[in-house]
Amino acid sequence: MISTYILNGVDLDDNAYGWSIQSSSEPHPGIKKRSLGQRGGQRDGNTPLPASEDSPIVRLTVRVPDSGVQMFEAFIDAEVLILGHDSQEAVVELIDASPAHGFDFTEFSCLFRFNEMFWRDPAVATSVAAALAADSVVVSVMAGLTAPVRDAIVRVKGGFTDLKVIDSRGSFFHAGLALPNTSWLRFESDTGRAFTTATDVWAGGTEVTGSIDNGAGAYYLQLSPYFTDLAVRTARLTVETAGRSGSPTIEVRGKRAHRV
């Protein structure tokens, strides 16, 4: 378990270098959305439009002994920075490290930007295969996520015709093809590409991206937190097929996302 903030594998608090995180840190930036609206003719008010979200920025104030200032500056100026906290991690970008000098120490106010928006689980997990035994089946995956996942891999075993996978907030992909029960269809959400394979694998295969349609949003497929109980969150997918043979199933592989 990660007990504090770890940067590139080094604990930023109470380590061998004498570094310590100060209470003036602001690790929870909240949610900042760009407000968009459309004014319509003689009607009052605005019609809301889908709003994009600003990258979260956290501030960690780290006290460093004066004897180690140059070492700390070299450390945080690494080309790649991976920040970890509470068994989650994210690639971040250092955008500012302002020093404040005290007696025999310097406190650096470090601003780290999450360009990929959210904390992620460090390990990839694969859901239990769910049977597609009807024209429309609801499947819950990634229990515990608190932010959208946009790079999951969805794999469906045949046979089926005319597959559509729909997230709870409307994001979807549609595969207008027929797949025999000896094959698998794999859809990669980060790129929008799709492949078929004749074996139980998660890579390679014959590309069939030309048979894929997407909708509702800027992402090829976004898995969103869904809940009726605030404490119980999953990504909820509705899987539709026009016809089935054999025992078709769906699996999802990826890392959960969490609010910063």
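In the next few minutes I will go through one helix, some salt bridges and two pockets of this structure. Please keep in mind throughout that this is a predicted model, and that what I quote has been computed from it.

Let me begin with helix H1, which covers residues 69-76. Its buried residues are Val69, Phe72, Phe75 and Ile76, and because they cover an arc of only 125° around the axis, they sit on the same side of H1. As a reminder, an α-helix has 3.6 residues a turn, so residues three or four places apart point the same way. On the other side of H1 we find Gln70 and Ala74, which are exposed. What, then, covers the buried residues of H1? The cover includes strand E1 (6-7), strand E2 (10-11), E6, strand E7 (81-85), E8 and E9.

Two of the strands I just named, E8 and E9, come back when we turn to the salt bridges, of which the structure holds eleven. Arginine 113 and glutamate 93 meet through their side chains in one of these, at 3.1 Å from N to O. Arginine 113 belongs to strand E9 (residues 105-113) and glutamate 93 to strand E8 (residues 88-101), so that this pair, 20 residues apart, links distant parts of the chain. Both ends count as partly exposed, arginine 113 at 26% relative accessibility and glutamate 93 at 31%.

Strand E6 takes part as well, through the salt bridge between glutamate 26 and arginine 59, whose closest N and O atoms are 3.0 Å apart. Because glutamate 26 lies in the loop between strand E3 (20-21) and strand E4 (37-38), while arginine 59 lies in strand E6 (residues 57-65), the pair ties together parts that are 33 residues apart in sequence. Glutamate 26 is partly exposed, with a relative accessible area of 46%, and arginine 59 is likewise partly exposed, with a value of 21%.

The next pair is arginine 256 and aspartate 121, whose side chains meet in a salt bridge at 2.6 Å, N to O. Here arginine 256 is in the loop between strand E24 (249-254) and strand E25 (257-258), and aspartate 121 is in the loop between strand E10 (119-120) and strand E11 (125-126), so the pair ties together parts that are 135 residues apart in sequence. Is each partner buried or partly exposed? Arginine 256 counts as partly exposed at 28% relative accessibility, whereas aspartate 121 is buried, with a relative accessible area of 12%. Beyond these pairs, Arg155, Asp200 and Glu251 are joined into one network by salt bridges that share partners.

That brings me to the pockets. Rolling a probe the size of a water molecule over the atoms shows where empty space is left. The largest pocket holds about 610 Å³ of space. It is lined by 23 residues, and those closest to its centre are Ala51, Ser52, Arg150, Tyr219 and Gln222. By class, the lining of the largest pocket has eleven nonpolar, six polar and six charged residues.

The second largest pocket holds about 230 Å³. Of the 15 residues that line the second largest pocket, Glu116, Arg120, Arg150, Asp151 and Tyr219 are the closest to its centre, and its lining divides into eight nonpolar, two polar and five charged residues. To finish with a detail worth finding in the structure, Arg150 and Tyr219 appear among the residues closest to the centre of the largest pocket and also among those closest to the centre of the second largest pocket.

Terms used: Residues are numbered from 1 along each chain as its sequence is written. This is a predicted model: local features need pLDDT of at least 70, side-chain atom pairs count only at pLDDT 80 or more; totals for chains, interfaces and linings use all residues. Side-chain values use heavy atoms; hydrogens and water are left out. A salt bridge is a side-chain nitrogen of Lys or Arg within 4 Å of a carboxyl oxygen of Asp or Glu. Helices (H or I, at least four residues) and strands (E, at least two) are DSSP runs, numbered from the N terminus. Buried means under 20% relative accessible area, exposed over 50%, partly exposed in between (1.4 Å probe, protein chains only). On a 1 Å grid over the protein atoms alone, a cavity is a set of points where a 1.4 Å probe fits but cannot get out, and a pocket is an open set with protein on both sides within 12 Å along at least five of seven lines; lining residues have an atom within 4 Å of a point. Grid points are joined across faces, edges and corners, and a volume is the space filled by probe spheres set on the points. Ala, Val, Leu, Ile, Met, Phe, Trp, Tyr, Cys and Pro count as nonpolar, Asp, Glu, Lys and Arg as charged, and the others, Gly among them, as polar. The arc is that of the directions from the helix axis to the C-beta atoms. Contact means heavy atoms within 4.5 Å.
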